[in-house]
Amino acid sequence: MSTAVLGAERSGRVAETTERAHLLARRFLPLVIGSYLLFRLLSAVLMIWLARHQVPEGVPFGPESGSTTTYWDMTRMWDGRWYETIVNEGYPDQLPVQDGALQQNQWAFYPLFPELTRLLMSITGLPFGVVGSMLSLVLGTAAAGVMGVLIRDKVGPAVALAAVCVYAASPPSPTLQMAYTESLAMLLLCGFLLAVQREQWAVAATLALLTGLTRPIALPLGLVALVVVVLRWRDRSERPISRRDWGGMLSTLVACGLAGLMWPAIAWSQTGSPTAYTDTMGTWRVGGEVHAFQPWWHNSAVALGDFWGRFWLLAFVVAMLVAMLGPWARGLGAPMRTWTLGYLLYLGAVLDPWTSIYRYLLFVFPLAVVMVGGGWAPDDERSRVYRFVGLRTVVLVLLGLGWQVWWGWELLRFIPPADNPI
């Protein structure tokens, strides 16, 4: 075959690839949202099937429609009962104590999601399970769109679509359509990361404050903001910093600090106890207190034995460091890399890890970019590994869906009197 013919074929393939890339770019958001909703539909099918195997006695406050457990009942399982209690009763003025011991109560759960649910229930007249689930679905869909744009800005639309699919098919992803705060928190988180990535400081500060009423993640958010501000300061010789930018960066840092203090301060003002929030959080911990890092060491040994439990714990820590600090994550940029490592460090400090760790790890979504092989910098010659993104995505999605069935059967279902929580 002549050189001219080979060159023509190569040019044709390049042109075809370029056209596909342009088509994906034009239809990016519809593809992201459509793919996300497809995975939510698959999760709904799973939850409908699980409802047939969920005993009514395990549904918080009983099934909403007589004695038959439905999809809507599955959407308000586990922590959903606490949000339903907040909608119906609000927060207690006094911390509940029994036999001298503080009891679990509503102050452990942030108010923005249940208040939005209460408002929509009053407008529509629909029950908590329907409103809470549909609100979560809408917010989660919006979060997927913002997540896609966040990732697309750094590594391109193909990798962004792949990462959102892996995230949307992950084992705990059904919580994104349950009466849980995950969807709202994910929307605020992705919006915050996109805002600091684009240096839209007023937007970042506003979203940080809203996060302070949604989920206790202000500390790692503040770390992200601090790193971005430091990097911006280091770049001041090439891009001078205006007074407006200084004010915006400072307001974002202050907003992150206020977000971390806001809910504990509200709990204090309402109950009269300065430690109402932290004491309440301790009721979900072994021994009634929050101990930094120690529960991870202990629980891993309980689950897998002294040697293998701690071996796999250390292996996980090393794997996360390698994944986020290696060149294969360079394309993510500072905000997403800092968030992932900062959030994991935060979990180590405040969480007693058990089966709920699945849904907590939803928030390390940038890891999906690395897993599909799309985290290289776009101008890196080694970005040729992008050609494997499609295959890796299919494999990870299928693994996630299969694991999701196990997660639903073993964790989402509640078999009284006690079970492992989601």
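**View 1. Ser170, a buried residue in a loop of this predicted model.** Let's start with Ser170: its relative accessible area is 14%, and because buried means under 20%, Ser170 counts as buried. You will find Ser170 in the loop that runs between helix 7 (157–168) and helix 8. The side chain of Ser170 reaches back to the backbone oxygen of Tyr167, at 2.8 Å.

**View 2. The surroundings of Ser170 that come from elsewhere in the sequence.** Leaving aside residues up to four places away in sequence, Ser170 touches Leu362, Gly400 and Gln404. Have a look at Val397 too: 227 residues separate Val397 from Ser170 in sequence, yet their C-alpha atoms are 7.3 Å apart in space.

**View 3. Helix 6 (residues 128–155), largely enclosed by the rest of the structure.** Of the 28 residues in helix 6, 21 are buried, so the rest of the structure largely encloses this helix. From first C-alpha to last, helix 6 reaches 39 Å, close to the 40 Å expected at 1.5 Å a residue. Just after helix 6 comes Gly156, which has a positive phi, near 100°.

**View 4. Helix 10 (residues 218–234) and the helices it packs against.** Here the span of helix 10 agrees with expectation, because its 17 residues at 1.5 Å a residue should span 24 Å and its end C-alpha atoms are 24 Å apart. The buried residues of helix 10 are Ala218, Pro220, Leu221, Gly222, Val224, Ala225, Val228, Val229 and Arg232. As for their partners, these buried residues pack against helix 8 (182–197), helix 9 (201–211), helix 11 (243–271) and helix 15 (334–350).

Technical notes. Residues numbered from 1 in each chain as written. Predicted model: local features only at pLDDT ≥ 70, side-chain atom pairs only at ≥ 80, totals over all residues. Heavy atoms only, no water. Helix = DSSP H or I, 4+ residues; strand = E, 2+ residues; numbered from the N terminus. Expected span 1.5 Å × (residues − 1). Buried < 20%, exposed > 50% of the residue type's maximum accessible area, 1.4 Å probe, protein only. Contact = heavy atoms within 4.5 Å. Polar contact = N/O pair within 3.5 Å; in protein donor to acceptor, adjacent residues only side chain to side chain.
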